[in-house]
Amino acid sequence: MIARETWIAEVEGIETLDTHTHLVGDKLCAQSFWDIAHYFWFNREMQAGGYPADAAELPEKERIEAFMKAYRATRNTLMNWSVTHIFKQLYGIELRDERSVYEADEAVRASAQRAGWAQQVADKLNVRAFVVNHPDHAKFAGMKRDAILLPRIDGKLPQWTRAIAASAQPEEAYEEARQSIDKLFASYREQGCPGVMTTLPAFEASANRSYSLKAGATEDQILMMLLHAVCEAAERHGLMMQIFVGVERSWCGTATPVNDPLKIVKLSGLFERYAVPFELVVASELNNLDIVQAAWNFPNVHTGGQWWFNFRASTYRDAMQYRLEALPALKSSLIVSDARCIEWSYGKIALVKRLMAEFLYEQTERGWIDRETALQVARGWLYESAAQRYGFQEQ
């Protein structure tokens, strides 16, 4: 039996594709310590540990003092592990006191000016490609290859929905929207985009129902009609659909995970009707099993990475167990860093690779799979599934 740490190192070196980031091509690197320390997810945990919400406005010495106090209070959390790992592995710095924060800040500022730093960070975990959602972010300065572009359409869907609902002639407004969608998707195909990405809000309508604009369709029903138009255009132009669900703001101003047991089922009419590859990314714990069931039922449905409130060790372990039992590795991607700088992409991917390596190692120890199968699964989850779906080839 291969040693555990040797196996973890082997998994860390497997090719990887980060399927969702907020990286900006000409601003890939953190510019200061605070670009890393104030990343949204870590900052949420730090605030729970007493870090002031307005810490960025504090004088630097006070801010560092508050940071170190909250950092020590949150040593058990996953995002704290990621920050600790980022500074130890990328900069050789252990955050201990005020002086170490100044050292870390100096190191980050220096690396931001270093040619090839972003590529160096990506190479540490063998990340071969990143996905972005804005055309002006896709050209990655100083890296071997540009990003894969999956344009976002979630900003357009509510605009079309409201315009149709408010129109005195909703059928004409719907047809205009349908033509706009088709024209937009044709342009994406011409740009070489493999697909599009969208988040979805709460909705009561279902894709297997027929709705009539003449009968005064609700906005939810109009949204579902538009999703049919989106899938028709995606099928026509050979695009895949990356769909994010599980986060809603309808309960309060703050984003909240919602475990809607019918969310995926309501979309299944789309999966059944259209010859489109669907990649489902969820942020709600219970929906982890729902997307596995959908991928098991429909050959064109694939499970994507863990998003927002699903980015936790417990949900990763459950999701990996569901997928290992039910799906070939080429039906699942597991990496969604959601990062805004290359250092955080590294930190979050390092965490997922560690969790994956431990999970697969335990499966081999128990005799459920052998080492060759474990490697096959790891390669599929980290790289091969997404690369196949996005048509990504090494340049």
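Start by selecting helix α11, residues 263-273, whose buried residues are K263, I264, K266, L267, G269, L270 and F271. Keep in mind throughout that this is a predicted model. An α-helix has 3.6 residues a turn, so residues three or four places apart point the same way. Now show what lies over the buried residues of α11: the cover includes the helices α10 (219-237) and α12 (287-297), along with the strands β5, β6, β8 (278-282) and β9.

Two of those strands lead to the next stop, the largest pocket. β5 (240-245) and β6 (247-248) each supply at least two residues of its lining, and so do α3 (40-48) and β4 (195-199). The volume of this pocket is about 460 Å³. Select T199, V247, R249, W307 and W308 to find its middle: of the 21 lining residues, these are the closest to the centre. Colour the lining by class and it divides into 12 nonpolar, 4 polar and 5 charged residues.

Stay with W308, which sits in the loop between β9 and α13. What is unusual about the phi of W308? The angle is positive, about 50°, although W308 is not a glycine. Most residues other than glycine have a negative phi. W308 counts as buried because its relative accessible area is 17%, under the 20% cut-off.

Move along to R312, in the loop between β9 (301-306) and α13 (313-326). Is R312 buried or partly exposed? With a relative accessible area of 40%, R312 is partly exposed. Show its side chain, which reaches the backbone oxygen of F309 at 3.3 Å. Then add T77 to the selection: T77 and R312 are 235 residues apart along the chain, and their C-alpha atoms are separated by 9.3 Å.

Next, go to D338, in the loop between α13 and α14 (342-365). D338 also has a positive phi, about 55°, and is not a glycine. At 7% relative accessibility, D338 counts as buried.

Now select the cysteines C29 and C341. How many disulfides does the structure hold? The number is 0. A disulfide is a covalent bond between the sulfur atoms of two cysteines. Why is there no such bond at C29? The closest cysteine sulfur to that of C29 is in C341, 8.3 Å away, which is too far for a bond; the cut-off is 2.5 Å. Starting from C341 gives the matching result, since its closest cysteine sulfur is the one in C29, again at 8.3 Å and too far for a bond. Both residues are buried: C29 has a relative accessible area of 14%, and C341 is at 5%.

The last stop is helix α7, residues 117-124. Which residues of α7 are buried? They are W117, A118, Q119, V121 and A122. Display the surroundings and you will find that the cover over these buried residues includes the helices α5 (78-91), α6 (98-112) and α14, as well as the strand β2 (127-132). Finish just after α7, at N126, where phi is positive at about 55°.

Terms used:
Residues are numbered from 1 along each chain as its sequence is written. This is a predicted model: local features need pLDDT of at least 70, side-chain atom pairs count only at pLDDT 80 or more; totals for chains, interfaces and linings use all residues. Side-chain values use heavy atoms; hydrogens and water are left out. Helices (H or I, at least four residues) and strands (E, at least two) are DSSP runs, numbered from the N terminus. Buried means under 20% relative accessible area, exposed over 50%, partly exposed in between (1.4 Å probe, protein chains only). A polar contact is a pair of N or O atoms within 3.5 Å; within protein, one must be able to donate a hydrogen and the other to accept it, and residues adjacent in sequence count only if both atoms are side-chain atoms. On a 1 Å grid over the protein atoms alone, a cavity is a set of points where a 1.4 Å probe fits but cannot get out, and a pocket is an open set with protein on both sides within 12 Å along at least five of seven lines; lining residues have an atom within 4 Å of a point. Grid points are joined across faces, edges and corners, and a volume is the space filled by probe spheres set on the points. Ala, Val, Leu, Ile, Met, Phe, Trp, Tyr, Cys and Pro count as nonpolar, Asp, Glu, Lys and Arg as charged, and the others, Gly among them, as polar. Contact means heavy atoms within 4.5 Å.
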